[in-house]
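Please read the following report alongside the sequence and the model. It starts with a single residue and then widens to the chain.

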Amino acid sequence: MISTKQFFLHKKNHRSSGFTLVELLLVMGIIGILISISSLLLLNLIPKASFTTQSEVLISQIRQQQLKAMTGYTEGFDESDYYGIHFQNHSYSIFKGQDYDPQDPNNYVVGVEEPNQLSTTFPNQQVIFMPGSGEIFGYLFGQNSITLSNSNTKESLTISLNKYGVTTE
């Protein structure tokens, strides 16, 4: 039989394996801080990615409409036509023809996700490309930009077009 004194001496000299409560709490605290910092960084990336994607899609749509006008794309009709984009605050409509008709069922509306919004200095809120040349119909110097902005991140992108439809950012 072991005496009480021998028992405590044995316990004092023999350390059991494992972690103490303080060590576990410290490690959990460090992990919690790292997770909170990384989640804050990731939350900021999502709006930036959305803004970047929307701006790339918009530029691509502008170039596609110009290309349709230049190549004489007919969409099944007999002759080539004008192609354009009409801008609203939270969407833009892709259309065919010299004038934008909001009732035309062939218009293709592209939404701009909140908190992003569009503004333009183009007359009548639209850009129209002429058939064959792809030049901008009714181009006016100084009234040639489209701005996509994000009200949360205060990020904005201004796209300017020259009379030939060349985009600059």
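## Asn 144 and its surroundings

Asn 144 has a relative accessibility of 13%, and because the limit for a buried residue is under 20%, Asn 144 counts as buried. In this predicted model, Asn 144 is placed in the loop between strand S5 (126–129) and strand S6 (145–150). Leaving aside residues up to four places away in sequence, Asn 144 touches Thr 121, Phe 122 and Tyr 139, and also Ile 159, Ser 160 and Leu 161. Of these partners, Ile 159, Ser 160 and Leu 161 fall within the range of strand S7 (156–161).

## Aromatic pairs

Three aromatic pairs are found when the whole structure is searched. One of them joins Tyr 82 and Phe 137 in an edge-to-face arrangement, with 5.4 Å from centre to centre and 70° between the planes. Tyr 82 belongs to the loop between helix H2 (21–71) and strand S1 (83–87), whereas Phe 137 belongs to the loop between S5 and S6, so the pair ties together parts that lie 55 residues apart in sequence. The two partners are covered to unlike degrees: Tyr 82 is buried, at a relative accessible area of 18%, while Phe 137 is partly exposed, at 34%.

Another pair is made by Phe 87 and Tyr 92, whose ring centres are 6.2 Å apart and whose planes meet at 45°, so this pair is classed as tilted. Phe 87 and Tyr 92 are both buried.

## Backbone exceptions in the loops

Most peptide bonds are trans, and most residues other than glycine have a negative phi. Against that background, three places in the model deserve a careful look. The peptide bond that runs from Glu 114 to Pro 115 is cis, with omega near 0°, and Pro 115 is found in the loop between strand S3 (108–111) and strand S4 (116–120).

Asn 124, although it is not a glycine, has a positive phi of about 60°; this residue is placed in the loop between S4 and S5 and is exposed, with a relative accessible area of 61%. Lys 154 likewise has a positive phi of about 60° without being a glycine. The loop that holds Lys 154 lies between S6 and strand S7 (156–161), and at 69% relative accessibility Lys 154 counts as exposed.

## The chain as a whole

The protein chain contains two helices and eight strands, and their order along the sequence is α-α-β-β-β-β-β-β-β-β. The radius of gyration is 31 Å, where a compact globule of 169 residues would have a value near 15 Å. The C-alpha atoms fill a box of roughly 110 × 35 × 25 Å when this is taken along the principal axes.

Buried residues make up 29% of the 169 residues in the chain, and the chain exposes about 11,500 Å², of which carbon and sulfur atoms supply 59%. Among contacts between residues at least 6 apart in sequence, 53% join residues that are at least 24 apart. As for charge, the chain carries 10 positive and 14 negative side chains, and the centres of these two sets lie 32 Å apart.

Methods: Residues are numbered from 1 along each chain as its sequence is written. This is a predicted model: local features need pLDDT of at least 70, side-chain atom pairs count only at pLDDT 80 or more; totals for chains, interfaces and linings use all residues. Side-chain values use heavy atoms; hydrogens and water are left out. Helices (H or I, at least four residues) and strands (E, at least two) are DSSP runs, numbered from the N terminus. The radius of gyration is taken over C-alpha atoms; the globule rule is 2.2 Å times the number of residues to the power 0.38. Buried means under 20% relative accessible area, exposed over 50%, partly exposed in between (1.4 Å probe, protein chains only). Contact means heavy atoms within 4.5 Å. Accessible areas come from the Shrake-Rupley method with a 1.4 Å probe; for residues, only the protein chains shown count as cover. Lys and Arg count as positive and Asp and Glu as negative; His and the chain ends are not counted. The place of a charge is taken as NZ of Lys, CZ of Arg, CG of Asp or CD of Glu. Rings of Phe, Tyr and Trp (its six-membered ring) pair if their centres lie within 6.5 Å; planes under 30 degrees apart count as stacked, over 60 as edge-to-face and the rest as tilted.
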